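The following note is offered to a colleague who is meeting this structure for the first time. Its points concern strand pairing, turns and the nonpolar core.

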Amino acid sequence: SMEPEFKKDCIIIIDPSGLAVDGAYVIATVENGYIFRQLRIENGHYYIQPLNEAYLHEKREISLNAIEGVIIQQAAPNGRRKDRKKYTYPAGSEQLN
């Protein structure tokens with residue numbers, strides 16, 4: 001559901017104290033389980049949504065407390081250091097506890 005940005009079996013690094021900003025990739029708790037999605041903030045409401053258009057019907061509203069961490073890096077399985085991708089987010093947004 002997160003392709004094409006995140007390929008199947010990629011490895012992600014999560015920062016549990018990262019910044020929850022619009023467009024960030026996050027891990028959230030939904031229905032007693034974890035879910036990996038992109039965070040969207042619209043009119044003070046928090047939503048998580050998949051990137052793959054085939055899954056866009058799964059967009060849902062969540063509370064800020066449901067966000068467990070922010071993705072800061074990804075790597076392909078068995079990938080090389082040069083293939084790693086880092087994600088940085090602008091300051092001035094909600095910091096997770």
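Which residue takes a positive phi in the hairpin of β4 and β5? The points below address this question and then turn to the core. Please bear in mind that the model is predicted.

1. In the hairpin of β4 and β5, the residue with a positive phi is Asn43, at a value near 50 degrees. The two strands of this hairpin have 2 residues between them. Strand β5 covers residues 45-49 and runs antiparallel to β4, to which 5 bridges join it. One bridge pairs Glu42 with His45 in β5.

2. Strand β4, residues 33-42, also pairs with strand β3, residues 25-30, in the antiparallel sense over 6 bridges. Here Ile27 stands opposite Phe36 of β4. These strands likewise form a hairpin, with 2 residues between β3 and β4. In its turn, Glu31 has a positive phi of about 50 degrees.

3. The largest nonpolar core comprises 23 residues, and Phe6, Tyr25 and Ile62 touch the most other members. At least two residues of this core come from each of β2 (19-20), β3, β4, β5 and β7 (67-75). The greatest contribution is that of β3, with 5 residues. In soluble globular proteins, nonpolar side chains tend to be buried together.

4. Phe6 merits separate inspection. Apart from neighbours within four places in sequence, Phe6 is in contact with Ile12, Tyr25, Phe36, Leu51, Ile71, Gln74 and Tyr87. Among these contacts is Phe36, the residue of β4 that faces Ile27 across the pairing.

How values were computed. Residues numbered from 1 in each chain as written. Predicted model: local features only at pLDDT ≥ 70, side-chain atom pairs only at ≥ 80, totals over all residues. Heavy atoms only, no water. Pairing = 2+ DSSP bridges. Helix = DSSP H or I, 4+ residues; strand = E, 2+ residues; numbered from the N terminus. Core = buried A, V, L, I, M, F, W, Y, C linked by side-chain atoms within 4.5 Å. Buried < 20%, exposed > 50% of the residue type's maximum accessible area, 1.4 Å probe, protein only. Contact = heavy atoms within 4.5 Å.
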